[in-house]
Amino acid sequence: MRELETRKAIIDACLWMEATGMAIGTWGNISMRIEDNQMLVTPSKIAYDALQPTDLVVVDLEGNQLEGKRHPTSEMHLHRLLYKHRADVNAIVHCHPVYASAVCASGGGIPPILEEMSQMIGGEIPITERYINAGEHLLLAEETVKALGNKNAVLIRNHAPVCVGRDLEEAKVCCQVTEKAAKCYLALKGGMAIHTIPNSLVQAERERFLTRYGNEH
Ligand SMILES: [Zn+2]
């Protein structure tokens, strides 16, 4: 098995997400670039406290699974397209913290209000242009990469943030800065417009979760 230390670091980061409220259950996923064209990514649908180094999956940036018996996270396309688009990024944390998720439902991103945002994220935190169900993996990935641009954090509309870094520690700090910025922004702003998910897409996503979740690539 390759990359034992990297695998352990990813598992530690998953446990950190759960312990700090950055994610609940198995929502959220993490990857690290291990070669120019390969990444190590968390598997789909397994509790973080049960994760073993061999559960992580090696996938190339074209989406081919090279190592591992489990399915990679259903958001694997998001990770691989992001690495393709951003040569400077070597780690990606997709978390689901409360305040950033709230801003995801407001329909707008977070303007640059804290100096940490300038330093870590490169300014504002953008948001994807429109809501896309999580089952539309490739489309969601393309929209997210487009919205991220050259920033280190992006909000997926009605979903949650994706944070990136040159290494895993930096991606984790970007998660913390994003959540703090969201908290401050909500405290300052108040009375924000709320952007809801259309009913047909709510039903489609519920149906996917009940019938296919964890069994698809
Ligand atoms: Zn997610």
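This briefing describes the sheet of the structure above and the helices that lie across it. The model is predicted: local features require pLDDT of at least 70 and side-chain atom pairs count only at pLDDT 80 or more, while totals for chains, interfaces and linings use all residues. Residue numbers start from 1 along each chain as its sequence is written.

**Sheet**
- Seven strands, as DSSP runs (E, at least two residues) numbered from the N terminus, form an open sheet of 7 strands in the order β4-β3-β2-β1-β5-β7-β6, with antiparallel pairing; pairing requires at least two DSSP bridges between two strands.
- β4 (65–67) and β6 (153–155) are the edge strands; each has a single partner strand, so one side of each lacks a neighbour in the sheet.
- From one strand to the next the twist averages 25°, with axes fitted to C-alpha atoms (for helices, over the stretch in contact) and angles taken from 0 to 180 degrees between N-to-C directions.
- β1 (residues 29–35) pairs with β5 (residues 91–94) in the antiparallel sense over 4 bridges, and Met-32 is opposite Ala-91 in β5.

**Helices across the sheet**
- Helices are DSSP runs of H or I with at least four residues.
- α1 (residues 4–19) lies across β1, β2 (38–41) and β5, at about 160° to β1.
- α2 (residues 76–85) lies across β1, β2, β3 (57–60), β5 and β7 (161–165), at about 145° to β2.

**Helix pair α2 and α5**
- The axes of α2 and α5 (residues 137–148) come within 8 Å and cross at roughly 35°.
- Residues in contact (C-beta atoms, placed from the backbone, within 7 Å) include Leu-81 of α2 and Leu-138 of α5.

Conventions. Contact = placed C-beta atoms within 7 Å.
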